[in-house]
Amino acid sequence: MTTTITFDFDASAFGALRLAPREFAREMRIAAAVQWYAQGIVSQGKAAELAEEIHGA
């Protein structure tokens, strides 16, 4: 089961980061997994699992 979350960003955000929207979304998911691990919210394994979902898609 998956859940979709939608964020609205100004188009200039993608240009500033030099990322396509899909790449931006992938980077956000990785950053969230790293942050949640750093805060102790998820285990290292769960963070890795989240990253795998990104790379496996």
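The questions below ask how terms applied to this predicted model follow from their cut-offs.

User: What makes the numbering and the local features of this model usable?
Analyst: Residues are numbered from 1 along each chain as its sequence is written, and side-chain values use heavy atoms, with hydrogens and water left out. The model is predicted: local features need pLDDT of at least 70 and side-chain atom pairs pLDDT 80 or more, while totals for chains, interfaces and linings use all residues.

User: How many helices and strands does the protein chain have, and by what rule?
Analyst: There are 3 helices and 0 strands. Helices are DSSP runs of H or I with at least four residues, strands are runs of E with at least two, and both are numbered from the N terminus. Along the sequence the pattern is α-α-α.

User: Why is Phe24 called buried or exposed?
Analyst: Buried means under 20% relative accessible area, exposed means over 50%, and partly exposed lies in between, with a 1.4 Å probe and protein chains only. Phe24 has 10%, so Phe24 is buried. Buried residues make up 12% of the 57 residues in the protein chain.

User: Which classes do Phe7 and Phe9 fall into?
Analyst: Phe7, at 53% relative accessibility, counts as exposed. Phe9, at 38%, counts as partly exposed.

User: What makes two rings an aromatic pair, and how many pairs are there?
Analyst: A pair of aromatic rings is described by the distance of the centres and the angle of the planes. Rings of Phe, Tyr and Trp (its six-membered ring) pair if their centres lie within 6.5 Å; planes under 30 degrees apart count as stacked, over 60 as edge-to-face and the rest as tilted. By this rule the count is 2 aromatic pairs. One of them joins Phe7 and Phe9, with 6.2 Å centre to centre and 45 degrees between the planes, a tilted pair.

User: Why is the pair of Phe9 and Phe24 called edge-to-face?
Analyst: The ring centres of Phe9 and Phe24 are 4.8 Å apart and the planes stand at 80 degrees, so the pair is edge-to-face. Phe9 lies in the segment before α1 and Phe24 in helix α2 (residues 21-38), so this pair ties together parts 15 residues apart in sequence. Ring pairs link Phe7, Phe9 and Phe24 into a cluster.

User: Which residues make the nonpolar surface patch?
Analyst: Ile5, Phe7, Phe9 and Met28 make a patch of about 410 Å². Patch residues have over 30% relative accessible area and no salt bridge; like charges are joined within 9 Å, and nonpolar side chains (Val, Leu, Ile, Met, Phe, Trp, Tyr) within 5 Å. Areas come from the Shrake-Rupley method with a 1.4 Å probe; for residues, only the protein chains shown count as cover.

User: How do you know that Glu49 and Lys46 form a salt bridge?
Analyst: A salt bridge is a side-chain nitrogen of Lys or Arg within 4 Å of a carboxyl oxygen of Asp or Glu. For Glu49 and Lys46 the N to O distance is 2.9 Å, which meets that limit. The structure holds 1 salt bridge. Glu49 and Lys46 are 3 residues apart in helix α3 (residues 44-56), so about one helical turn separates them. Glu49, at 38%, counts as partly exposed, and Lys46 is partly exposed at 36%.

User: What is the phi of Arg18, and where is Arg18 found?
Analyst: Arg18 has a positive phi of about 55 degrees although it is not a glycine. Arg18 is found in the loop between α1 and α2 and, at 75% relative accessibility, counts as exposed.
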